[in-house]
Amino acid sequence: MIEQLPILVIVIPLMAAPLFVLIGNRKLVLLLTQLVCWTVFGVAVSLLSRMQYGPISYELGGWPSPYGIVYNVDYLSAFVMVFVSGLGAIVITYAPRSVDKEIHHSKHSLFYASYLLCMTGLLGMCITGDLFNVFVFLEISSLSSYALISLGKTRRAPLAALHYLIIGTVGATFFLIGIGLLYQMTGTLNMADIANRIQAVEGSRTMLVAFAFMTVGLFIKMAVFPLHTWLPNAYTYAPSVVTCFIAATATKVSVYAFIRLIYVIFTPQFAFEQLPLDQALMAFSLVGIFVASAAAIYQTNIKRLLAYSSVAQIGYMLLGISMSNVGGLTAGITHMFNHALIKGGLFMVVGCFALRIGSLKLEDLRGAGKTMPLTSFAWVVGGLGLIGVPMTAGFVSKWLLLTSALSLELWPVAVLMLLSSLLAVVYIWRVVEILYFSPASHLAQTAKEAPMAMLIPTYVVIGSTIVFGCWTVYSAGIAQAAAKSLLGISQMGGVQ
Amino acid sequence: MTPENLIWIAILLPLVAIALVFLVGEKSPNIRESCTIGVAVTLFWVTTSLAGFVFSGERPSFKMGEILPGFEIAFTVEPLGMLFALVASGLWILTTVYAIGYMRSHHEKNQTRFYACFASAIFAALAAAFAANLFTLFVAYELMTISTYPLVTHHGDEKAKKGGRIYLGILLSTSVAFFMLAIAWTWTVAGTLDFTPGGILAQPNIDGKISDFQLSVLLGLFAFGIGKAAIMPFHRWLPAAMVAPTPVSALLHAVAVVKVGVFSILKVSVYIFGIDLISETRLSEGANPIMMSDWLCYLAGATILLASLVAMTKDNLKARLAYSTVSQLAYITLGAALATSDSVIGGGMHIAMHAVGKITLFFCAGAIYVGAHKTNISDMRGLGRAMPLTMGAFLLATLSIIGLPPGGGAWSKWFLALGTVQTGHFWLLAALMVSSLLNIAYLIPIPIRAFMTPVGETPMKFKEAPMMCVVPLCITAVGSVVLFFFGNEIYDVLLPIATSAR
């Protein structure tokens, strides 16, 4: 049983999804979905807890490695799977009230099935060691998220989903073209196998083209500035629960795939020494951080504000990854986790507002601090995390990024990074002032505090941003272990 | 009780107060406030017993845990921090008593939140005072900013929002843009952030990891990054924060917030750079060498004078006191920048002297507002007859702020002046003298006019503010005089911070 754990992460939600469509009873499906999500989370945690004994390799159907598909679990993939499934589980626990209000009852079981499929795709991208398999799971998660987004209440939701579908498909196709070229040059799809054979063909133009296609394809999925245009609309018009889940996990998994691409398949030497990808990444990240944060300041819809902030935050992760040392990589991976918590939590707060106030325009949220004190306070705490105030998770990643930038003497990066985080103060505090210091709007005046069924999960996530701001053994600690193994530094060697 | 335990007890006590305040809540205000006072008294007792150990030469320390590998939350108590903790915890009791009188006569709303945030500010102040390394200090510093924001914006109106915006905007952005960068830089060159007698930057300087010029830049990042020290041009938050209720202005903007700022600067000067490094690093050679901290000395000198000049133009009493605070804080920064043993001790002393003096003045401003509903100085003529105790206390505290005996401030200013002479900064000595004259010009007329000017038509009746307000301000006024007679003791207590460097 224990050795079958890796496959369970995928099989359970994948099998459950079509079954739930058949069951059709929405209450039963809801319960079962929650059960499945928490089970998957449990499996992911137990996989992570096994990592101290070394990485796990699981051969599907017993076919040996280069021929069959292999699932690899190492620190990085286990870590990403834990927070993806964890947030998936907590969001689905939070979901019922919000789904009840925002999605037509006849579509509930389809909704929960798509949700599970989306999670399957994301987890699959993490665990698989086969490049083509990555593409397959990428498509599973993407297609199901198009469906999820289009369930939004307004008629703009299907349009946003279509926009995402077109751009997302371009991205996925680029990724597939890259895979095709790689297969042509190396004759294998197994990641480790490609990595072995890549030395022989390194430097050929085909490899460069393959790398370029795959990078751009993933950049679209990550919503790296300036390829982010699909994201604000998709996040804004999707149902609240979908936004919570996708914002917290989807882009991070693409970042994860990008880390694998650079550090496992190609090498950092290839990406950062032969190609100037590190400078390009830094430039794109910093420009993206500034532009997207500035855009966030001018938004009038709270969801869109957070969406632009997400585009900016991806920049910090890429900034860390581009440093290609343990410190930077640790910072990038830690920020994936921390930002997943913070942004997931904040979108959950937004979901509470959506339920009780019914509008997400900032002008309608005026004065909600009085009528929805707990929800509003959760926004403040989550917002402090996003700003990166000490004792919050955001500070940990910012501090890691800062110190590793300085240790590489990247002064402009360090200074720009700090300045850019001040923009977060502006857009977060703008909402805080609206919540607490404005005369109440008529919608906020009559609003009730969000139900406990939603507040408790929200506070669990928001609270965990504080916990992981004070205690980082299981966030930055695991991220560091993952970074070391990616860079081939032994766990025992105390190389900083 | 071992001093190690006293440390964490002291730091945890304000948190207990927060819990109690929330637990009791609006239901029974009397119990809620008694809880705060009870905890405050216990805290003062704990800090005094801790002071016994620290002032007799012990340096107890307590480790909370690592946030990140190499960056830990840890506390070590040394005399400077001990003095600050004593001042903060002692004045917390009096301010709470005062706040009860003030807040209730004003029927202020959200008093539960008020007392809870108050306690969390004290928590941050104690954590900063006992911090064993820059990392801990930074965490406490930022907590202080966040936890005082609801106090500054207590009234929740448009004015409070604007004031709060300036307050948070300046304090957060300076700390993130400069202070955090400075700390990370220090860590990269020195490999540690521990407060060490003699400093940690001298060795990297010898090893060539940081040049003399870079040291000066780093000092600048610290000086501007610690925005709470209100060095010009980053002083605007302090007057903006005066929208807060007066007890907040009193404790936070005369004691906790601003003193955390100058305390941090002193700590950085003494334990990160080391006063030897600051006073011996030259940026240019020659007959009149430029020292690395010269620019900061003159900037502090300019702040002292300019803020005093601005204070003269303010008719609103709290605004005048705010600019006076900006000026007085710059004295302490000057002490840190001069970096002689006398100037550093003078700076440390001034933390205590100014705290007691200035809190009295703020208490008086609040009492006048409660008792006579006056905020402008021009309306306070003849008020001495109606409020003799308040105005008498004002006069005593004024002496201390100006630096005239028998006010405690006389000693700290004396040592700071000594510092300017020892380093040959005669222009700064002149600035100190002129500033004292300016202090006289903008503070003394207030009580003098209150007592001397005959009242217009109707003689004012005796009408003091509630006892809860008047008693604390009388105690602090007397305290500012009593401190004058303990100048020698404070000097002896602080001496180790200046000599342990050698």
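**Exercise 1. Are α6(B) and α8(B) parallel or oblique to each other?**

Solution. The structure is a predicted model. Start with the two elements: helix α6 of chain B covers residues 158-190, and helix α8 of chain B covers residues 212-225. Their axes lie 8 Å apart and form an angle of about 140°. An angle has to be over 145 degrees to count as roughly antiparallel. The helices α6(B) and α8(B) are therefore oblique to each other. Their crossing is left-handed.

Next, list the residues on both sides. From α6(B) come Thr174(B), Ser175(B), Phe178(B), Phe179(B), Leu181(B), Ala182(B), Trp185(B) and Thr186(B). From α8(B) come Leu218(B), Leu221(B), Phe222(B), Phe224(B) and Gly225(B). Sorted by class, this contact of α6(B) with α8(B) has nine nonpolar residues, four polar ones and no charged ones.

**Exercise 2. Describe how α4(B) and α5(B) pack, and give the make-up of their contact.**

Solution. Helix α4 of chain B spans residues 111-130 and helix α5 of chain B spans residues 134-152. The angle between them is about 165°, with the axes 8 Å apart. That makes α4(B) roughly antiparallel to α5(B). The crossing of this pair, α4(B) and α5(B), is left-handed.

The contact of α4(B) with α5(B) divides into 15 nonpolar, four polar and one charged residues. On the α4(B) side the participants include Arg113(B), Phe114(B), Cys117(B) and Phe118(B). Among those on the α5(B) side are Leu137(B), Tyr141(B), Met144(B) and Pro150(B).

**Exercise 3. Which residues have the most contacts inside the largest nonpolar core?**

Solution. The largest nonpolar core has 415 residues. Those with the most contacts inside it are Phe79(A), Met81(A), Ile149(A), Ala88(B), Ala125(B), Leu126(B) and Ala128(B). The largest share of this core, 19 residues, is supplied by helix α10 (residues 246-273) of chain B.

Two of the residues named can be followed further. Ile149(A) touches Ala157(A), Ala160(A), Ala161(A), Tyr164(A), Ala234(A), Tyr237(A), Ala238(A) and Val242(A), leaving out residues up to four places away in sequence. Ala125(B) also appears on the α4(B) side of the contact with α5(B).

**Exercise 4. Locate the cis peptide bonds at Pro233(B) and Pro406(B), and the positive phi angles at Ala223(A) and Ala339(B).**

Solution. Most residues other than glycine have a negative phi, and most peptide bonds are trans.

- The peptide bond from Met232(B) to Pro233(B) is cis, with omega near 10°. Pro233(B) sits in the loop between α8 and α9 (237-240) of chain B.
- Pro405(B) and Pro406(B) are joined by a cis peptide bond with omega about 5°. Pro406(B) belongs to the loop between α16 (388-402) and α17 (409-422) of chain B.
- Ala223(A), not a glycine, has a positive phi of about 65°. Ala223(A) lies in the loop between α8 (205-222) and α9 (230-237) of chain A. Ala223(A) counts as buried because 27 C-beta neighbours lie inside 10 Å.
- Ala339(B), not a glycine, has a positive phi of about 55°. Ala339(B) lies in the loop between α13 (317-338) and α14 (341-372) of chain B. With 29 other C-beta atoms within 10 Å, Ala339(B) is buried.

**Exercise 5. How many residues does each chain bring to the contact between chains A and B, and which element of chain B gives the largest share?**

Solution. Chain A brings 25 residues and chain B brings 20 residues. On the side of chain B that touches chain A, the elements giving two or more residues are β1 (61-68), α5 and α6. The largest share of that side, 12 residues, comes from α6(B). By class, the side of chain B that touches chain A has 15 nonpolar, three polar and two charged residues.

**Exercise 6. Are Gly124(A) and Val258(B) buried or exposed?**

Solution. Take Gly124(A) in helix α4 (residues 108-127) of chain A. The cut-off for a buried residue is 20 or more other C-beta atoms within 10 Å. Gly124(A) has 23, so Gly124(A) is buried. Gly124(A) touches Ile10(A), Phe137(A) and Ile140(A), residues up to four places away in sequence not being counted.

Val258(B) lies in helix α10 of chain B. With 26 other C-beta atoms within 10 Å, Val258(B) is buried. Its contacts, leaving out residues up to four places away in sequence, are Lys228(B), Ala230(B), Leu238(B), His253(B), Thr325(B) and Leu329(B).

Conventions:
Residues numbered from 1 in each chain as written. Chains lettered and ligands numbered in written order. Predicted model: local features only at pLDDT ≥ 70, side-chain atom pairs only at ≥ 80, totals over all residues. Axes fitted to C-alpha atoms, helices over the stretch in contact; angles between N-to-C directions. Helix = DSSP H or I, 4+ residues; strand = E, 2+ residues; numbered from the N terminus. Parallel < 35°, antiparallel > 145°, perpendicular 65-115°, else oblique. Left-handed = near helix turned anticlockwise from the far one by under 90°. Contact = placed C-beta atoms within 7 Å. Nonpolar A, V, L, I, M, F, W, Y, C, P; charged D, E, K, R; others polar. Core = buried A, V, L, I, M, F, W, Y, C linked by C-beta atoms within 7 Å. Buried ≥ 20, exposed ≤ 12 C-beta atoms within 10 Å, placed from the backbone.
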